[in-house]
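Work through the exercises below with the sequence and coordinates open beside you. Each task sentence is followed by a solution that goes step by step.

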Amino acid sequence: MMCKKKICVVTGSRAEYGLLYWLMKLIKDDDELELQVAVTGMHLSPEFGLTYQQILRDGFTIDAKIEMQMSSDTPVGITKSLGLGVIGFADALERLQPDLLVVLGDRYEIFAAVQAALIAKIPVGHIAGGDTTEGAIDEAIRHSITKMAHLHFVTNTTAYKRVRQMGENPEYIFNVGSPGLDQIQRLTLLDRLQLEAELGYTFREKNILVTFHPVTLDNQSPEEQFNELLHALDFFGENLGVVFTKTNSDTYGRVINYMIDAYTERHPNTKAYTSLGQLKYLSLMAQVDAVVGNSSSGLYEAPSFRKPTVNIGDRQKGRLQASSVINCEPIQSAIIASIKEAFSRDCEGTINPYGDGHSSERILKILKNIPSFRGLLKKHFFEVKE
């Protein structure tokens, strides 16, 4: 009997799990592969909704829980969380002994897992390397993970070129598109009436979905930037319905969450949620008139719904964008003007540059076709010819 290849998928946040769901399901259902699931970060935090429970409800077994989330979201607190994560993943990987670690993106929880895998000589498959986000520390973390990874599942041709430019073996760089679009292809979304019942939210004449994360490299504080956005929302009054999704556990993210709570208490046309889950989140995206903030979902998923995105500030600067994206400075007047433009923009012809919704199937096929992951460990720097 052939020994199954053990694939350990790491997830630390609600958004990332939504992107990984279909790949995890395909691995779980495959006869040649064995899925291991390691959860960490916000999934294990009551403050962020204990979202590991959704993973269990979806039928997955959790093979390791790595506690690393500290109550502080200051730079010191985040750094200590990172250290705890490396320690926790060292123990988890020693016990699980996976043949390959699969990670997505650029968060510090994932950085911790990959550092532990590097020392343990466990090969890494990295999804969504090669992007640029100049306003956040995620930029450096993402590129660092690329240099520690052995298989690269990039989401677009520009990212492919960047990973190649970093000296990675072109034989192991695969342009598969964004797995976030796989959910859009497969989910049966909730309609407006179902959403109102599920969320206790009443749609207004115009509605927006707002997600705003701290910009970790800007001189202007996250609080100042978010205040500009809130003042801009005040301009539109109570005819504008606003649904907030709260921040990740980024540096000073709690400040923004407190501000959201205070704002929604004063404004009956608004609602805020710690974690919506992929079905409700994508269903909302399909129903609103615009996506506003600085989340990558405004660039990755929103174009598939042909919805305009108001992308505020530098957090996503440098990332590939569809024609439906409107960029603006984190200044009240600019945000007001951009939201007005979004309401009048025709996005019917929008083409999503991040693929066709079949990324997970491509990744699965690649994983099955590689005879030995251990053979990937020794890496050679591939020069880019002039």
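**Exercise 1.** Determine how many disulfides there are, where a disulfide is a pair of cysteine sulfur atoms within 2.5 Å.

*Solution.* Applying that cut-off gives a count of 0 disulfides. Take cysteine 3 as a test case: the closest cysteine sulfur belongs to cysteine 8 and lies 16 Å away, so the separation is too far for a bond. Cysteine 328 is likewise in no disulfide, the nearest cysteine sulfur being that of cysteine 347 at 15 Å. As a further step, compare the surroundings, with buried meaning under 20% relative accessible area, exposed over 50% and partly exposed in between (1.4 Å probe, protein chains only): cysteine 3 counts as exposed at 70%, whereas cysteine 328 counts as buried at 9%.

Before going on, note that this is a predicted model in which local features need pLDDT of at least 70 and side-chain atom pairs count only at pLDDT 80 or more, while totals for chains, interfaces and linings use all residues. Residues are numbered from 1 along each chain as its sequence is written, and side-chain values use heavy atoms, with hydrogens and water left out.

**Exercise 2.** Describe the environment of histidine 152.

*Solution.* First locate the residue: histidine 152 is found in strand E6, residues 151–154 (strands, E, are DSSP runs of at least two residues, and helices, H or I, of at least four, numbered from the N terminus). Next, its relative accessible area of 2% makes histidine 152 buried. Then list the contacts (heavy atoms within 4.5 Å): leaving aside residues up to four places away in sequence, histidine 152 touches His126, Thr146, Val163, Glu168, Tyr172, Ile173 and Phe174. Finally, the side chains of histidine 152 and glutamate 168 are joined by a polar contact of 2.8 Å, a term for a pair of N or O atoms within 3.5 Å where, within protein, one must be able to donate a hydrogen and the other to accept it, and where residues adjacent in sequence count only if both atoms are side-chain atoms.

**Exercise 3.** Examine phi at lysine 121 and at alanine 128.

*Solution.* Begin with the expectation that most residues other than glycine have a negative phi. Lysine 121 has a positive phi near 60 degrees, and lies in the loop between helix H4 (108–120) and strand E5 (124–127). Alanine 128 also has a positive value, near 75 degrees; its place is in the loop between E5 and helix H5 (138–148), and with a relative accessible area of 9% alanine 128 is buried.
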